[in-house]
Amino acid sequence: MTELSDQILMTSPRTGKISRFRIVWQIFIPLAAIAFQVNVPLFFRYLSYLELPLLVTVYFSLMRRNPIGGTLIGASIGLLQDALSQQPLGIFGMVKTLVGYFSASMSIKIDVDNSMVRCALAFFFFFFHQFLTWVLQRALLAQPYEFKATQTLLFGLLNAIVAVPLFLILDKLKERG
Amino acid sequence: MNRYRNMAVLVIVIGAQLVLLAYQVRTKDDVSLLRSVTVTAVTPLARGLDSMRGSSLGFLNRYVLLYNAQHENERLKQELDKMKLENQFLRTELTTADRVRALALFQQQTRSRTVAARIIGTATGTNSKAVFVDRGATDGVQRGQAVITPDGILGKVTFVYPQAAQVLLITDPAFAAGVISQKNRVPGTLKGLGRSQVLVDYVQNEVKVEEGEWFFTSGDDRVFAKGIPAGQARVAKQGTTFKEIFLDPAGLQRGLEEVLIVLEGVHQAIPEGSAPASGPVVIMPPASESSEANTPVQSESGLPALSTDADRLREKLKRVGELQGVKYGTASGRLPNFNMEPNQVTRPVAPLLAPEPAKPEPEAQRKQ
């Protein structure tokens, strides 16, 4: 393996450090992300491409390094998001459950403190999230939801760019010691 | 084992949500509890975000992005100009509404049957003084009918179309109408000149027409009913063959917008005395240095009807004669003192030149 791959891939899962957050932040940050998504695009329409609840899900799942934890985080945030949508509860819940599970699973293998990795993961999970949402809406709800691949890729890139500084800010909220 | 546990949890969570979704789709029921809890939890945050956004934007706009003030100022100026134009438009609309109301009032009062029309365009031709109105044959308009306004005559219908008609204005050189003066009852023919004033032609130089005198339609032309104002004489002077009398057309005083087409005209009397359509005219008394001239003089009937200098002089002399016991027009040979002021005398005085009675000669003269 090269030096770079050594830096990204961890040799042992135990070398990865589990980050912990205060319970207040674990509640407040997802709620704030959902509130942002609900409120801000009303006045700044160009910010509607930001999928902050997804980025928060990815971040907390990556930091937990625990697939069960990631699954529960994803399910919680997804269901909250569903509750504020017009569709039946469960679509975002299932999608974000899978996102949380996979991101937590990946965090065991790779170094998620690397900004490049975070950016790539954010991009990948955004695309995965949008694609899976489209599949579930068409398959389970028979809604004529259109999937725009190019637009999704572009928005994925923008979310990935936002994810890097956002994750750095959230890193400051970690419990020390 | 740990790996299976993770998968099991995932499958359970996904399965539970699938069941929840299926339940909602199947029963068309909603999980309102979760929704209400979520909304309750998110609302304060959203409100906080909103106020934060408002404060941040307010701070930015007020203190940081001051360059926007210049842009805002320009925008407000443009808006003000726009509002001024709009205000002018509304004022015009208000004037139009007043004019239409006056027209409707006149239409109710006049005995002639009329139809209101709006001028919609002017006829082509540089010297042409003709307009199009929005009433035509379908409204009962016929060629030759008179067109008037509450102020006076305006023209006559020369062409009729189904939905419109052409009106020859009073100022067109081809226009003619019979008129008669108000005060001296002098008949004449009103003609257009192609400009703002019109001419009253065929008035003999010998007859008396005063400037300011009003002319009314005479009804002789069988187009305009008798008694409609035509105009006021601005110039009335002797001409080579006939008098040169120029009128200001009464019907054009308020511009050309709404008119009345007379479908069935009714003759009416020419009003006496007062000028038509212009309201009462107040004439100040002549300026005089003495206060006496301004003192109203009572006539014999006790009414303050003396308005001219001649009337006042006549009344003064009459009182002078009465105070001195002189009766005018008799062969008494006595002349009153015309220099006395009748208002300052309270008792009768002797006349200045009274015939002397025969005096007896004095005793001394008789002795001489």
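1. Start with B:Arg185, which is exposed because just 10 other C-beta atoms lie within 10 Å, and 12 or fewer is the cut-off for that class. This arginine lies in the loop between strand S6 (176-181) and strand S7 (187-192) of chain B. Have a look at its backbone too: phi is near 55 degrees, a positive value in a residue other than glycine. Bear in mind throughout that this is a predicted model.

2. B:Tyr202 makes a good companion to look at next. This tyrosine has a positive phi of about 65 degrees, although it is not a glycine. You'll find B:Tyr202 in the loop between strand S8 (198-201) and strand S9 (214-217) of chain B. B:Tyr202 counts as partly exposed, because 13 other C-beta atoms lie within 10 Å of its own.

3. Further along chain B, B:Phe338 sits in the loop between helix H4 (309-323) and helix H5 (363-367). Is this phenylalanine buried or exposed? It counts as exposed, because it has 11 C-beta neighbours inside 10 Å. Setting aside neighbours within four places in sequence, B:Phe338 is in contact with B:Leu317 and B:Val320. B:Gly321 is 17 residues from B:Phe338 in sequence, and the two are 8.3 Å apart in space, C-alpha to C-alpha.

4. Now for chain B as a whole. It has five helices and 12 strands. Of its 368 residues, 23% count as buried. If you take the contacts in chain B with a separation of 6 or more, 53% of them are between residues 24 or more positions apart.

5. Chain A is built from seven helices and zero strands, so to speak a plain α-α-α-α-α-α-α when read along the sequence. Buried residues make up 38% of the 177 residues here. Among the contacts in chain A with a separation of 6 or more, 68% come from residues 24 or more positions apart.

6. How do helix H2 (residues 23-39) and H3 of chain A pack? Their axes are 8 Å apart, at an angle of about 160 degrees. That makes H2(A) roughly antiparallel to H3(A), because the angle is over 145 degrees. On the H2(A) side the residues are A:Ile29, A:Pro30, A:Ala33, A:Ile34, A:Phe36 and A:Gln37, and they meet A:Leu52, A:Pro53 and A:Val56 in H3(A). By class, this contact has eight nonpolar residues, one polar and no charged.

7. Helix H3 (residues 52-64) of chain A also meets helix H6 (residues 115-140) of chain A, where the axes come within 10 Å and cross at roughly 125 degrees. That angle makes H3(A) oblique to H6(A). The crossing is right-handed. H3(A) brings A:Leu54, A:Leu55 and A:Val58 to the contact, while H6(A) brings A:Leu121, A:Ala122, A:Phe125, A:Phe126 and A:His129. Sorted by class, the residues of this contact are seven nonpolar, one polar and no charged.

8. On to where the two chains touch. The contact takes 25 residues from chain A and 23 residues from chain B. Helix H1 (2-27) and helix H2 (32-64) of chain B each supply at least two residues of the side that touches chain A. That side of chain B divides into 16 nonpolar, four polar and three charged residues.

9. A word on confidence, beginning with the overall scores: the model has ipTM 0.83 and pTM 0.44. For chain A the mean pLDDT is 84, and 89% of its residues reach 70 or more. Among the elements of chain A, helix H7 (residues 149-171) has the highest mean pLDDT, at 93, and helix H1 (residues 3-8) the lowest, at 57. Chain B has a mean pLDDT of 76, with 76% of its residues at 70 or more.

10. Which stretches of chain B call for care? Over residues 289-304, pLDDT stays under 50, and the model has 11 contacts beyond four places in sequence for them. Over residues 352-368, pLDDT also stays under 50, with nine such contacts in the model. Where pLDDT is low, the predicted coordinates should not be read in detail.

Technical notes. Residues numbered from 1 in each chain as written. Chains lettered and ligands numbered in written order. Predicted model: local features only at pLDDT ≥ 70, side-chain atom pairs only at ≥ 80, totals over all residues. Axes fitted to C-alpha atoms, helices over the stretch in contact; angles between N-to-C directions. Helix = DSSP H or I, 4+ residues; strand = E, 2+ residues; numbered from the N terminus. Parallel < 35°, antiparallel > 145°, perpendicular 65-115°, else oblique. Left-handed = near helix turned anticlockwise from the far one by under 90°. Contact = placed C-beta atoms within 7 Å. Nonpolar A, V, L, I, M, F, W, Y, C, P; charged D, E, K, R; others polar. pLDDT = per-residue confidence, 0-100. Buried ≥ 20, exposed ≤ 12 C-beta atoms within 10 Å, placed from the backbone.
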